[in-house]
Amino acid sequence: MKGIVFTVFIEYAEATFGGLVSEQMISSCDLSTGGAYTAVGTYDHREIVQMIVKLSELTDREVPELLKSFGFHLFGKLSAGYPELIANVNDSFELVSIIENHIHVEVRKLYPDASLPSFSHEFTGPDELHLLYESERGLADLAEGLLMGCFDHFGEEVVLEREDLSPGDGTRVAFKMRRVPG
Ligand code: HEM
């Protein structure tokens with residue numbers, strides 16, 4: 001997993017739970033870098049999972065809740081960090097529909113070693129979009145948080161439902177989104 005996700009995660013932990021908690025989280029995990037990630041490096045994604053599990057113990061929050069809240073935060077950082085990737089996008093459903101064939105394609109050009117999930121989508125009505133997330137890393141909670149961050153970015157109200165199609169490990173998850181016209 002790319003270092004940018006790690007650096008934003010550590011920033012998120014610090015900003016949300018304070019420097020002490022974030023230091024405790026780092027020092028009690030077995031990390032290849034000792035917690036010193038660089039944005040352009042690539043690291044084992046299990047290190048971020050290890051840190052989230054530790055953060056959950058330290059803060060008494062559930063892991064899925066932490067992943068979603070981190071995903072929400074991450075969307076803001078990614079969209080601000082790569083403004084050209086979403087410059088001509090007008091609404092959240094348009095953005096969601098171009099993740100697979102545009103956004104993550106550009107990410108792959110920037111970082112050829114990126115480990116990206118696979119998405120397929122279908123519009124089932126003018127205000128209804130279905131999205132299928134597939135990834136062996138099982139980060140559907142992170143995907144859900146990113147989606148919520150995306151709706152927030154465009155100031156839209158979207159009702160999100162999800163169904164885990166995998167044996168409970170979040171590797172294949174269907175999201176159904178219904179936009180509440182504003
Ligand atoms: C709602 C929009 C988006 C969703 C749902 C989404 C979803 C995801 C998920 C779930 C991952 C984790 C990898 C995995 O699950 O296998 C990921 C990785 C990533 N995404 Fe997206 N993404 C979105 C938008 C963006 C945007 C706007 C950028 C801007 C550059 C971006 C850049 C990246 C990068 C750099 C990674 C890390 C790749 C790696 O770790 O090797 N994504 N994305």
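Helix axes are taken here as lines fitted to C-alpha atoms over the stretch in contact, with angles running from 0 to 180 degrees between N-to-C directions. With that in hand, the helix packing of this predicted model can be walked through pair by pair.

Helix α1 (residues 3–17) is a good place to start. Its axis lies 6 Å from that of helix α2 (residues 19–27), and the two helices pack at an angle of about 135°. Angles that fall outside the roughly parallel (under 35 degrees), roughly perpendicular (65 to 115) and roughly antiparallel (over 145) ranges count as oblique, and α1 and α2 are therefore oblique to each other. On the α1 side, the contact is built from F9, I10, A13, E14 and F17, while α2 brings G19, V21, S22, M25 and I26. Sorted by class, the residues of this contact comprise seven nonpolar, two polar and one charged.

Helix α1 also packs against α3, here at an angle of about 10° and with the axes 11 Å apart. These two helices are therefore roughly parallel to each other. From α1, the residues V5, F6, F9, I10, Y12, A13 and F17 meet H45, E47, I48, M51, I52, L55 and T59 of α3. The contact of α1 with α3 holds 11 nonpolar residues, together with two polar and one charged.

Turning to aromatic rings, the whole structure contains nine aromatic pairs. In one of them, the ring centres of F9 and Y12 are 6.2 Å apart and the planes meet at 35°, so the pair is tilted. Both residues belong to α1, where F9 and Y12 sit three residues apart, or about one turn of the helix. F9 and Y12 are also among the α1 residues that meet α3, and F9 takes part in the contact with α2 as well.

Helix α3 (residues 45–59) has a further partner in helix α4 (residues 63–81): their axes come within 9 Å and cross at roughly 115°. That makes α3 roughly perpendicular to α4, and the crossing is right-handed. The residues I48, I52, V53, L55, S56 and T59 of α3 meet V63, L66, L67 and F70 of α4. Eight of the residues in this contact are nonpolar and two are polar, with no charged residue taking part. Of the α3 residues here, I48, I52, L55 and T59 also appear in the contact with α1.

Finally, there is the metal site. The iron atom of the ligand has a single donor from the protein, the NE2 atom of H104, at 2.1 Å. H104 is located in helix α6 (residues 99–110).

Key
Residues numbered from 1 in each chain as written. Predicted model: local features only at pLDDT ≥ 70, side-chain atom pairs only at ≥ 80, totals over all residues. Heavy atoms only, no water. Helix = DSSP H or I, 4+ residues; strand = E, 2+ residues; numbered from the N terminus. Left-handed = near helix turned anticlockwise from the far one by under 90°. Contact = heavy atoms within 4.5 Å. Nonpolar A, V, L, I, M, F, W, Y, C, P; charged D, E, K, R; others polar. Donors = N, O, S within 2.8 Å, 3.2 Å for Na, K, Ca; no water. Phe/Tyr/Trp six-rings, centres within 6.5 Å; stacked < 30°, edge-to-face > 60°.
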